[in-house]
Amino acid sequence: MHSKLPEHAQVVIIGGGIVGCSVAYHLTKIGWTDVLLLERKELGSGTTWAAAGLLTQLRQNQEMTNLAKYTLECYSGLEAETGMATGFRQTGSVAVCQTKDRRKEMLRAAAMARAFDIDLNEISLKEAEDLVPGMSTKDLLTAFYNPNDGFTNPIETTQALARGAKVGGAQIFENIKVTGIQLEKAAVCGVHTDKGDVQCETVVNCAGMWGRQIGQMVNVSIPLHAAEHMHAVTLPIKGLKKHFPTVRDFDGVTYFKSESDGILLGGFEAISKPWGMKGIPDNFMFRELQEDWDQFETFMNCGLKRFPALETAQIRHLSVVPESFTPDCAFMVGEAPGVKNFFVGCGMNSVGIQSAAGVGRALAHWIDRGYPEEQLWPVDVRRYFPWQQNAKYLYDRTVEAVGMLYHHHYPNRQRTSARPVICSPIHDRLADHGAVFSQAAGWERADWFAPKGVEPVHQYNWDRPNWFEHQKKEHLAVRDGVGLYDLTSMGKLMIQGRDSEAVLQHLCANNIDVVPGQIVYTPVLNKNGGYEIDVTITRFSEDTFFIVTSGATVVHDFDYLKRRIPSYANAVITDVTHAYTMLAIMGPQSRDLLHALTDADLSNEAFPYSTAQEIDVAYARPWALRMSYVGELGWELYIPTMFTTAVFDAIVAEGRALGLKLIGMQAVNSLRLETGYRHWESDITPDDTPYEAGLSFGVKLDKGDFIGRSALLRQKELGIHKRLVMFTLENSDAMLFGSEPIYRNGQWMNNTTSGSYGFVVARPIAMGYVKNREVITDEWILDGDYEIEVQGKHTPAKVYIHKPYDPKNQRARM
Ligand SMILES: Cc1cc2nc3c(=O)[nH]c(=O)nc-3n(C[C@H](O)[C@H](O)[C@H](O)COP(=O)(O)OP(=O)(O)OC[C@H]3O[C@@H](n4cnc5c(N)ncnc54)[C@H](O)[C@@H]3O)c2cc1C
């Protein structure tokens with residue numbers, strides 16, 4: 001360790017757990033030498049030292065899998081590189097299934113794994129027993145094996161990363177506590193410590209379960225909460241294979257690892273014990289909490305079933321140590337919203353060892369380049385909202401969060417804890433109509449409507465869910481008649497000031513120089529031409545622009561846009577999400593319905609598609625935007641919040657004569673997919689350009705310069721190598737949810753980006769990118785034979801360059 005704290009460092013990393021050491025290591029790997037890591041006690045003394053050290057490559061999504069996969073690669077070479085033992089060993093892993101649904105989930109996972117070159121295959125129970133002598137498979141249905149998973153020694157690996165970082169030039173100090181962070185003009189400029197101040201340009205918060213407190217130093221929301229996490233180790237047990245593959249019994253919520261000729265067993269209980277509500281004691285280091293054998297009983301019960309030898313084995317030690325968990329059970333990476341150069345790598349949800357190298361590398365590249373090198377949205381810190389640091393919310397959600405790791409990851413599975421948080425003003429009215437709610441970005445949204453006599457609850461599975469028939473009726477009502485949905489959760493931003501148009505012209509790929517009342521669909525691109533933001537912008541007046549974005553991305557989008565408004569520009573951005581609700585009236589009869597509520601002329605001539613007007617509706621005066629996310633004639637009403645219940649009641653009363661149907665989010669999703677509308681995050685990401693996504697109509701290359709223009713010009717000249725297309729499954733009742741492998745002429749191409757059921761085309765439906773080494777052409781796309789793998793079966797699929805429903809986009813313009 002170094003002895004004298006420097007007065008300046010380019011970057012200060014707070015926290016010397018495995019994540020902090022990995023960030024230091026990876027920064028030095030790309031040439032940063034002026035790196036200072038400060039640890040309040042000793043390296044690894046927070047949570048890292050206590051980990052079981054299991055490493056698995058496959059995670060719940062592509063982004064986290066990439067990080068975990070790289071972590072294994074990194075650890076495999078660390079000992080040779082640094083000369084320090086790491087305890088890394090590739091023993092393989094066996095995941096066992098007790099139920100049919102678990103097998104379905106694992107088959108999906110195995111299919112997804114192949115896309116990442118991860119070797120995960122179904123094996124017979126006999127093979128599982130041979131791999132893990134002593135394991136009972138009596139009650140099991142099947143098992144899956146990955147030969148490359150393994151484990152590492154967490155504390156030794158942390159020390160090796162620290163050694164690697166020091167060799168690369170980083171300075172590491174123990175027993176120095178960061179007590180504050182200095183900002184200047186909302187940018188990091190230094191840290192205060194209990195041993196003096198250090199000036200710096202960048203701070204990385206790797207403080208594990210202390211991360212929320214570090215965030216509060218600069219008023220940034222880091223929503224994490226500690227919870228007790230435990231495992232027990234037995235004395236040696238005869239008959240076990242030394243270093244047997246790690247075993248995961250998801251249905252029994254328990255994992256097993258070979259440990260000193262005995263077994264280490266731990267897991268993720270459904271009802272966990274949040275810890276540290278009154279703050280984490282200052283002297284906390286290498287500390288265990290009170291043993292809780294009652295809480296451990298779940299794991300022991302599963303253990304006795306899986307390894308009968310545990311009946312007589314002696315437990316050497318039960319270790320209970322706190323670890324941090326987040327509301328959606330995924331960790332946080334990236335530059336925090338609102339503060340320049342304040343980076344975050346914490347909230348590891350018990351996968352910090354198996355993710356640390358990936359997280360460290362991702363952060364190092366982000367710090368170095370100023371933007372992420374890879375798609376990271378599911379773990380991006382900007383997916384969280386300021387309200388999510390609320391202590392009661394975090395406590396209540398954490399009770400459920402731990403168990404989320406091993407529970408069934410059914411499509412659309414809802415959290416049940418810490419709800420409701422945000423309700424639209426008509427929430428109770430929707431409930432009275434039978435709404436079954438789902439939660440998105442904290443908002444309670446009607447997911448589907450249960451008719452009288454139908455129990456209003458989600459029943460999940462991997463096939464058709466219990467809401468399928470109700471969703472179908474809602475879907476068809478929008479196609480044939482008229483439907484009303486509440487999408488108040490949409491993010492709404494306002495940019496105002498005389499330079500607003502110029503600012504937006506530079507940021508947006510479409511032409512924003514339009515007359516007031518015009519709506520523009522536009523991407524906001526990065527310099528590679530990839531989608532950072534996907535929005536519609538309505539010019540309310542000469543100097544006021546109204547931006548509608550997804551509810552989930554509003555913090556990200558606000559931060560992204562605000563950072564790019566030049567300080568000299570007369571333009572301010574405001575988040576007005578809560579000032580307006582949004583009720584959408586959609587379907588061929590929407591004009592008739594709205595006509596009964598307003599004197600405004602709704603004809604095509606007076607109120608064309610893609611325009612907006614402030615009109616009277618009932619006793620209110622909302623902005624009516626003639627656009628559609630579901631591909632039908634319709635209006636989105638942006639209503640000043642306090643007028644909403646009255647407007648809703650009036651619409652419902654007038655709608656009775658027309659058979660108005662209330663529509664939930666499940667139907668909105670199947671409608672948008674059937675009509676080919678893309679969703680940012682799944683179908684379009686920072687790695688995809690508008691040309692690749694088939695959205696060139698949103699780009700105006702001749703309007704002047706904008707961010708991403710040169711990349712698009714290049715791509716236009718050279719051609720594209722991937723293209724978003726649509727698929728329907730022929731002759732199949734299988735359900736598509738996204739992430740299913742796509743094959744062209746028998747060869748894996750990619751995975752679907754989203755999936756649902758198209759109730760008019762009467763087939764399962766999906767989107768996904770096809771790729772080609774050569775420039776991709778429509779002929780090449782149409783020339784292939786396609787299949788989509790569903791639960792292990794290759795199912796013939798039909799490809800569409802445009803979309804199967806309303807290919808000419810005429811219905812919204814009726
Ligand atoms: C029982 C158990 C089993 C586990 N098993 C596994 C497993 O098998 N696989 C896996 O991947 N993960 C596992 N984990 C999770 C894993 O241990 C954590 O995700 C990981 O260690 C988190 O690392 P970290 O660097 O984020 O946090 P920490 O290790 O807690 O490091 C944060 C550091 O920040 C320091 N710090 C805080 N505040 C300040 C300040 N103001 N100034 C300076 N320093 C500060 C702390 O002292 C601490 O050392 C397990 C956890 C437990 C408890």
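The following exchange concerns a predicted model and asks how its ligand shell, cysteines and salt bridges are assigned.

Me: What makes Glu39 a polar contact of the ligand?

Reply: A polar side-chain atom of Glu39 lies 2.7 Å from an oxygen atom of the ligand. A polar contact requires a pair of N or O atoms within 3.5 Å, and therefore the pair at 2.7 Å qualifies.

Me: Which atoms of Thr47 and Thr48 approach oxygen atoms of the ligand?

Reply: For Thr47 it is a backbone N or O atom, at 2.9 Å. For Thr48 it is an N or O atom of the side chain, at 2.5 Å. Both values lie within 3.5 Å, so both pairs count as polar contacts. The protein covers 98% of the 1000 Å² of accessible area that the ligand has on its own.

Me: Which residues come nearest to the ligand, and which elements supply its shell?

Reply: Of the 36 residues around the ligand, the nearest are Glu39, Thr48, Leu54, Glu323 and Gln354. At least two residues of the shell come from each of α1 (18-29), β12 (225-234), β17 (315-325) and α8 (352-369). Helix α8 gives the largest share, three residues. By type, the shell contains 19 nonpolar, 13 polar and four charged residues.

Me: Why is Cys189 not assigned to a disulfide?

Reply: A disulfide is a covalent bond between the sulfur atoms of two cysteines. The assignment requires these atoms to be within 2.5 Å. The cysteine sulfur closest to that of Cys189 belongs to Cys200 and is 7.6 Å away, which is too far for a bond. The structure holds zero disulfides.

Me: Why is Cys189 called buried, and Cys423 partly exposed?

Reply: The term buried applies under 20% relative accessible area, and exposed applies over 50%. Cys189 has 17% and is therefore buried. Cys423, at 33%, falls in between and is therefore partly exposed.

Me: What makes Arg102 and Glu105 a salt bridge?

Reply: Side chains of opposite charge can pair when their charged atoms come close. The cut-off for a salt bridge is 4 Å between the side-chain nitrogen and the carboxyl oxygen. The closest N and O atoms of Arg102 and Glu105 are 3.7 Å apart, so the pair meets the rule. The two residues are three apart in helix α3 (residues 100-115), which means that about one helical turn separates them. Both Arg102 and Glu105 are buried.

Me: How do you know that Lys273 and Asp292 form a salt bridge, and where do they lie?

Reply: The N to O distance is 2.5 Å, within 4 Å, and the pair is therefore a salt bridge. Lys273 is in the loop between β15 (262-267) and β16 (274-275), while Asp292 is in the loop between β16 and α7 (293-306), 19 residues apart. Asp292 is buried because its relative accessible area is 16%, whereas Lys273, at 27%, is partly exposed.

Me: Why is the pair of Glu335 and Arg563 said to tie together separate parts of the sequence?

Reply: These residues form a salt bridge, with the closest N and O atoms 2.9 Å apart. Glu335 lies in strand β18 (residues 332-335) and Arg563 in helix α13 (residues 554-563), so the pair ties together parts that are 228 residues apart in sequence. Glu335 is buried, at 10%, and Arg563 is partly exposed, at 33%. Elsewhere, salt bridges that share partners join Asp139, Asp249, Lys305 and Arg306 into one network.

Me: How many salt bridges does the rule give?

Reply: The count comes to 36 salt bridges.

Methods. Residues numbered from 1 in each chain as written. Predicted model: local features only at pLDDT ≥ 70, side-chain atom pairs only at ≥ 80, totals over all residues. Heavy atoms only, no water. Near = heavy atom within 4 Å. Polar contact = N/O pair within 3.5 Å; in protein donor to acceptor, adjacent residues only side chain to side chain. Areas by Shrake-Rupley, 256 points an atom, 1.4 Å probe, with all protein chains shown as cover. Helix = DSSP H or I, 4+ residues; strand = E, 2+ residues; numbered from the N terminus. Nonpolar A, V, L, I, M, F, W, Y, C, P; charged D, E, K, R; others polar. Buried < 20%, exposed > 50% of the residue type's maximum accessible area, 1.4 Å probe, protein only.
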